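I opened the notebook to record a few look-ups on this protein. I kept the entries short.

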Amino acid sequence: MQELSTIDIRDFPHRHTQNAVSPFRYPGGKGFLSGFLADHLAKCFDSSRITFLEPFCGGAGAAVNLLADGYVDSLHLNDADVRVYSAWRAMLSETERFIDRIQSVPLTMDEWYIQSRVSTDDTNSNYDFDLGFASFYLNRTTRSGIVSKAGPIGGYDQTGKWKIDARFNRQGLIERVKWIGANRERIKISNLDVLSFLDRSRRALNSSSSFYFIDPPYVKAGGRLYLNAMGEDKHVALSDMLTSGKITKWVLTYDDHPLIRQIYSDQNMKTIDVNYSLQKKRKEAEILITPSAARYESASAL
Ligand SMILES: C[S@@+](CC[C@H](N)C(=O)[O-])C[C@H]1O[C@@H](n2cnc3c(N)ncnc32)[C@H](O)[C@@H]1O
């Protein structure tokens, strides 16, 4: 495959994970890109009255950092997984109830099994507070933050060095959720498939102040870590939508896969160098794609 030039993430300082605003830990989370995105937004827009849209939001690590740091004015988050959606909606619309639950929930294996059952047994596809809280609980207590199919931190017998409560600092999490609730007027959440979300958003919003940050499941092995409602057809349909010019300002991240190289061959593509201390665990090469210069006055921003 053709050699791509590289974006060195160290050139774009961002909040340390410890200081992140999102209450989620997310496998493949993009909080580490918030410095790069802030810099990119400044080159694409004259003001910070920007609506930042994230159709595959997961933990929305970059989005909430950018909102908290004043680089964008509002967020439209979306995730097709009702568990992720319910967690965001519960924090936004039932903030006090969520905080009470963080305060009182036991951090024990018995409770971990209860929350796992809520997460897997709830087949309802509508918003549900308990389902949302279970997703959050499992995200904070399982290895790597994976909501399904992963074991608890410390192992089932809790003999590991770190125990189930290692990533559940109640006070710190309450502060983060409080902040989310206090900013509910500026954060929207929806539960749509990516293509419906993009289509609705581009019709409803002013394109000159909208920016789309798109972080789909990996083409290869995307299904291991979280819901993957993206077959090859949908990766191609997403590329058709983005390269059609209907949406003008976007940044897309992907695994470096031949399909992606092919369907975005006319766009700007760079490798993301995440090989710095905190991200050493990332083994897969990731690429970052922006619209080609023909469509995008600010392509030089990269
Ligand atoms: C790579 S993760 C996003 C991580 C996120 N950028 C972060 O920093 O935490 C992909 C997310 O897309 C969601 N998803 C999968 N297929 C989808 C689809 N067809 N439409 C919308 N969301 C989808 C998954 O539930 C998952 O949360």
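**Ligand shell.** I began with the make-up of the shell around the ligand: 14 of its residues are nonpolar, 6 polar and 5 charged. Which residues come nearest to the ligand? I found Tyr26, Phe56, Gly58, Ala80 and Asp81, out of 25 residues around the ligand.

**Confidence.** I am working on a predicted model, and I checked pLDDT before going further. The mean over the protein is 88, and 89% of the residues reach 70 or more. Residues 276–280 fall below 50, and I noted 6 contacts for this stretch beyond near neighbours in sequence. Residues 297–301 also stay under 50. For residues 297–301 the model has 10 contacts beyond four places in sequence.

**Sheet order.** I then traced the strands. I read an open sheet of 8 strands, in the order β1-β7-β8-β6-β5-β2-β3-β4, and the pairing is mixed. Why is one side of β1 and of β4 left without a neighbour in the sheet? Both stand at the edges, β1 at 6–8 and β4 at 187–190, and each has a single partner strand, so one side stays unpaired. I also took the turn between neighbouring strands of this sheet, which is 20° on average with direction ignored.

**Strand pairs.** I went through three pairs within the sheet.

- β2 (residues 51–54) and β3 (residues 74–78) run parallel and are joined by 4 bridges. Here I found Glu54 opposite Leu77 in β3.
- β5 (residues 210–214) pairs with β6 (residues 250–255) over 3 bridges, in the parallel sense. Tyr212 stands opposite Trp250 in β6.
- β6 pairs with β8 (residues 286–290) in the antiparallel sense, over 4 bridges. Tyr254 has Ile287 in β8 as its bridge partner.

I set the β5 and β8 entries side by side: β6 takes β5 in the parallel sense and β8 in the antiparallel sense.

**Helix packing.** Next I looked at α3 (residues 82–93) and α6 (residues 129–141). How do these two helices pack? Their axes lie 7 Å apart, at an angle of about 100°. Angles of 65 to 115 degrees count as roughly perpendicular, so I logged α3 as roughly perpendicular to α6.

I listed the residues that meet. From α3 they are Val82, Arg83, Val84, Ser86, Ala87, Arg89 and Ala90. From α6 they are Phe129, Leu131, Gly132, Phe133, Ser135 and Phe136. By class, I have 8 nonpolar, 3 polar and 2 charged residues in this contact.

**Helix on sheet.** My last look-up returned to the sheet, with β2 and β3 joined by 4 bridges. α3 packs on this sheet and touches β3 and β4. The direction of α3 makes about 145° with that of β4.

Note on methods: Residues are numbered from 1 along each chain as its sequence is written. This is a predicted model: local features need pLDDT of at least 70, side-chain atom pairs count only at pLDDT 80 or more; totals for chains, interfaces and linings use all residues. Two strands pair if DSSP finds at least two bridges between them. A residue is near a molecule or strand if its C-beta atom, placed from the backbone, lies within 6 Å of it. Ala, Val, Leu, Ile, Met, Phe, Trp, Tyr, Cys and Pro count as nonpolar, Asp, Glu, Lys and Arg as charged, and the others, Gly among them, as polar. Axes are lines fitted to C-alpha atoms, for helices over the stretch in contact, and angles run from 0 to 180 degrees between N-to-C directions. Angles under 35 degrees count as roughly parallel, over 145 as roughly antiparallel, 65 to 115 as roughly perpendicular and the rest as oblique. Two residues are in contact if their C-beta atoms, placed from the backbone, lie within 7 Å. pLDDT is the predictor's confidence in each residue, from 0 to 100.
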